[in-house]
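This report goes through one protein model, looking in turn at its salt bridges, its nonpolar cores and its empty spaces. Please keep the sequence and the coordinates at hand while reading.

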Amino acid sequence: MKWIALSAVLFLCGIISNAQNAGNGGLHLVQRIPLTGVEGRIDHCAIDLAGERLFVAALGNNSVEVIDLRKGARVHSITGLGNPQGVGYAPESGRLIVANDTDGLCNIYDGKTLALTGSVALKDDADNVRYDGATKLAFVGFGKGGICAIDLASAKRARSFALQGHPEAFVLERNGPRIFVNVPGAHHVAVIDRERGKVITTWTTGSATENFPIALDQAQHRLFVGCRSPAELVVLNSDSGAVVTTVPIPGDADDVFLDEKKHRLFVTCGVGSVAVIDQVNADTYQSKASIATAPGARTGLFVPELKSLFVAVPKRGSQSAEIRRYSVD
């Protein structure tokens, strides 16, 4: 009888645990890292995996905050910047690139000393940064319509691609030449062929507009586009550009990440939540949970190697600036 009772208790605990995991979408808040004194909006993040450091573009504070994840603390601030929006890290060379809105200045730093080693002026609104380990180039969206490839060793432009409007998030194809770019002002996703050096096609996102974040599932040939009007995740076929399906999400989405192992999507939204969406198969997606964060917390970074989702929380009223770290089941 005792064994039966114990089994019943364990079974019940398993049900409760599964229910809790369903409610939190597999995310568990495990750490809060204060950003004391950081004011204003926080933009995008980058990771130094070997050094376990997180770089945070504190746009409204004109700084990049350097966080030691082993210590769980900020250890340095790069100050005197001009509204930094994007950051990228090149692990092979240990170079950090910071893209500033002001004058489109892209600063390159030694990753160890954080000393400035060079800069490239893109004239206006340098924004998202993506690093390509295969070519050792950093790609930066900028201005009223362009993406520039920068050689970090020489701190010089390698090439540029023209667009019909300011690029927001973009994603590089790992095993191919394409770049998928959100161009919300032109109401489309532009597809750049890096080998041909130009836009080869553009795709719409159906009736949804204000397309800001983007992610790619290369194995399933799916592109995930976060739209703000209406607030939904639009799934496109990355071969044809056809709309596969849409999933409602909270408002003000600014980052979307794919957990390829779990077949799960995380969308960080400025209304104060993270949408968790399960990829049942290439064509079917189910909303799993909406995790409350904080107003304005619309950016972050998913790091699969650390099984962690980082969410940037800005200072608003009595709400202090911080980085929240969630473990991913």
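Is D110 buried, partly exposed or exposed? The model is a predicted one, and in it D110 has a relative accessibility of 23%, which places this residue in the partly exposed class.

## A bridge between two strands

The side chain of D110 forms a salt bridge with that of R95, at 4.0 Å from N to O. Because R95 belongs to strand β7 (residues 95-100) and D110 to strand β8 (residues 105-110), the pair ties together parts that are 15 residues apart in sequence. R95, like its partner, is partly exposed, its relative accessible area being 22%. In general terms, side chains of opposite charge can pair when their charged atoms come close.

## Other salt bridges

The structure as a whole contains 17 salt bridges. One of them joins R298 and D252, with an N to O distance of 2.9 Å. R298 sits in the loop between β25 and β26, whereas D252 sits in the loop between β21 (243-248) and β22, so this pair ties together parts that are 46 residues apart in sequence. The two partners fall into separate classes of accessibility, since R298 is buried at 16% relative accessible area and D252 is partly exposed at 26%. Both residues also take part in a network of salt bridges that links R228, D252, D254 and R298.

Another salt bridge is formed by the side chains of R178 and E173, at 2.7 Å from N to O. R178 is buried, with a relative accessible area of 16%, and E173 is buried as well, with a value of 11%.

## The surroundings of R178

R178 is located in strand β15 (residues 178-183). When neighbours within four places in sequence are set aside, the residues in contact with R178 are V171, L172, E173, V191, I192, R194, W203, S238 and D239; E173, the salt-bridge partner of R178, is thus one of these contacts. G111, by comparison, lies 67 residues from R178 in sequence and 28 Å from it in space, as taken between the C-alpha atoms.

## Nonpolar cores

In soluble globular proteins, nonpolar side chains tend to be buried together. Here the largest nonpolar core comprises 32 residues, and those with the most contacts inside it are L27, L54, I67, F266, L309 and I323. At least two residues of this core come from each of the strands β1 (27-34), β2 (45-48), β3 (53-58), β24 (273-281), β25 (284-292), β26 (299-303), β27 (308-313) and β28 (322-328). Of these, β27 gives the most, with 5 residues.

L27 shows how distant parts of the sequence enter this core's surroundings: leaving out neighbours within four places in sequence, L27 is in contact with F266, V274, V276, I291, L309, Y326, S327 and V328. Apart from the largest core lies another one, of 16 residues, which includes A90, A99, I108 and I150.

## Pockets

The largest pocket holds about 1,500 Å³ of space. Its lining is made up of 46 residues, and R130, Y131, V171, L301 and F302 are those that lie nearest its centre. Two or more lining residues are given by each of β2, β6 (84-90), β10 (129-132), β14 (170-172), β18 (209-217), β22 (253-259) and β26. By class, this lining divides into 26 nonpolar, 9 polar and 11 charged residues.

The second largest pocket holds about 210 Å³, and its lining consists of D259, K261, K262, F302, P304, E305, K307, V328 and D329. Here 6 residues are charged, 3 are nonpolar and none is polar. F302, which lies among the residues nearest the centre of the largest pocket, also lines this second one, and V328, a contact of L27, is part of the same lining.

## The cavity

A search of the whole structure finds 1 cavity of 30 Å³ or more, and the volume of the largest cavity is about 40 Å³. The residues that line it are H44, N128, E168, A169, F212, P213 and D254, of which 3 are nonpolar, 2 polar and 2 charged. D254, one of these lining residues, is also a member of the salt-bridge network with R228, D252 and R298.

Key: Residues are numbered from 1 along each chain as its sequence is written. This is a predicted model: local features need pLDDT of at least 70, side-chain atom pairs count only at pLDDT 80 or more; totals for chains, interfaces and linings use all residues. Side-chain values use heavy atoms; hydrogens and water are left out. A nonpolar core is a set of buried Ala, Val, Leu, Ile, Met, Phe, Trp, Tyr and Cys residues joined through side-chain atoms within 4.5 Å. Buried means under 20% relative accessible area, exposed over 50%, partly exposed in between (1.4 Å probe, protein chains only). Helices (H or I, at least four residues) and strands (E, at least two) are DSSP runs, numbered from the N terminus. Contact means heavy atoms within 4.5 Å. On a 1 Å grid over the protein atoms alone, a cavity is a set of points where a 1.4 Å probe fits but cannot get out, and a pocket is an open set with protein on both sides within 12 Å along at least five of seven lines; lining residues have an atom within 4 Å of a point. Grid points are joined across faces, edges and corners, and a volume is the space filled by probe spheres set on the points. Ala, Val, Leu, Ile, Met, Phe, Trp, Tyr, Cys and Pro count as nonpolar, Asp, Glu, Lys and Arg as charged, and the others, Gly among them, as polar.
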